[in-house]
Amino acid sequence: MTTRAALVMSTLAAAAAQDAATNVTVATTVAPMINMQMWFYQGTTSIVLFQSWSTQSLGSYIVALVLCFAVSCLMMLVKTFMGVIAHRAVALQALVAFVFFNLSYAVMLIAMAFNGGLYLACTSGMTAGFVLTKMYERGSKSEGLCDVETCH
């Protein structure tokens, strides 16, 4: 038995041997679970990405909605920019990809807060970003600024 396995087994045994009056289960002793809501709800109180970014009033909730919309829209714009710089230096492509991936995961985590308003702000921001990128692509193609090989 490895040292790590022995440590886990001893921790489980110690947790199982605790007094029942403390009402602590093995699961919360070994790996505490965070109570996270797993269904959509509507309300102005929510934790957005960090414990420090929580909405406690209608004003802070509206600011969070606007910021989530903007981040989602920016994510789609960065995705289009990745296609525009496809023939540029690899370092620039890597930097833009890094920004895109971080924005994408942030938007995903915001949507997983299961707040209905935050979810709609994320999806409507992505939709707005999609529409803006399509308008840019059509405009630049019609003006001759973008050919088939550089625009997608």
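Here's a quick briefing on the fold, a few picked-out residues and the aromatic pairs of this structure. Keep in mind that this is a predicted model. The protein chain has five helices and two strands, and in sequence order they run α-α-β-β-α-α-α. Of the 152 residues in the chain, 25% are buried.

**Overall picture**

- Among contacts in the protein chain with a separation of 6 or more, 59% are between residues 24 or more positions apart.
- The chain's accessible surface is about 10400 Å², and carbon and sulfur atoms account for 71% of that surface.

**Thr55 and its surroundings**

- Thr55 sits in strand S2, which covers residues 54-55.
- With a relative accessibility of 1%, Thr55 falls in the buried class, because buried means under 20%.
- The Thr55 side chain gets to within 2.7 Å of a backbone oxygen, the one belonging to Thr44.
- Leaving out residues up to four places away in sequence, Thr55 is in touch with Thr44, Thr45, Ser46, Val48, Ser60, Tyr61 and Ala64.
- So Thr44 turns up twice for Thr55: its backbone oxygen is reached by the Thr55 side chain, and Thr44 is also on the list of residues touched.

**Cysteines**

- If you go looking for disulfides across the whole structure, you'll find zero.
- Cys68 isn't in one either, as the nearest cysteine sulfur, on Cys122, is 4.8 Å away; a disulfide would need the two sulfur atoms within 2.5 Å.
- Cys68 is buried, at a relative accessible area of 1%.
- Cys73 is buried as well, with 10% relative accessibility.

**Thr80 in helix H3**

- Thr80 belongs to helix H3, which spans residues 58-84.
- Its relative accessibility is 10%, so Thr80 counts as buried.
- Thr80 and Tyr136 are 56 residues apart along the chain, yet their C-alpha atoms are separated by 9.5 Å.

**Aromatic pairs**

- The structure has three aromatic pairs.
- One of them is Phe40 with Phe114: the ring centres are 5.4 Å apart and the planes meet at 75 degrees, which makes the pair edge-to-face, because that class starts over 60 degrees.
- Phe40 is in the loop between helix H2 (26-30) and strand S1 (46-47), while Phe114 is in the loop between helix H4 (90-111) and helix H5 (116-142), so this pair ties together parts of the chain that are 74 residues apart in sequence.
- The two partners differ in exposure class: Phe40 is partly exposed at 48% relative accessibility, whereas Phe114 is buried at 16%.
- Another pair is Phe100 with Phe101, where the ring centres are 5.7 Å apart and the planes sit at 55 degrees, so the pair counts as tilted.
- This pair also mixes classes, with Phe100 buried at 14% relative accessibility and Phe101 partly exposed at 45%.
- Phe40 and Phe114 come up again in an aromatic cluster, which they form together with Tyr119.

Note on methods
Residues are numbered from 1 along each chain as its sequence is written. This is a predicted model: local features need pLDDT of at least 70, side-chain atom pairs count only at pLDDT 80 or more; totals for chains, interfaces and linings use all residues. Side-chain values use heavy atoms; hydrogens and water are left out. Helices (H or I, at least four residues) and strands (E, at least two) are DSSP runs, numbered from the N terminus. Buried means under 20% relative accessible area, exposed over 50%, partly exposed in between (1.4 Å probe, protein chains only). A polar contact is a pair of N or O atoms within 3.5 Å; within protein, one must be able to donate a hydrogen and the other to accept it, and residues adjacent in sequence count only if both atoms are side-chain atoms. Contact means heavy atoms within 4.5 Å. Rings of Phe, Tyr and Trp (its six-membered ring) pair if their centres lie within 6.5 Å; planes under 30 degrees apart count as stacked, over 60 as edge-to-face and the rest as tilted. Accessible areas come from the Shrake-Rupley method with a 1.4 Å probe; for residues, only the protein chains shown count as cover.
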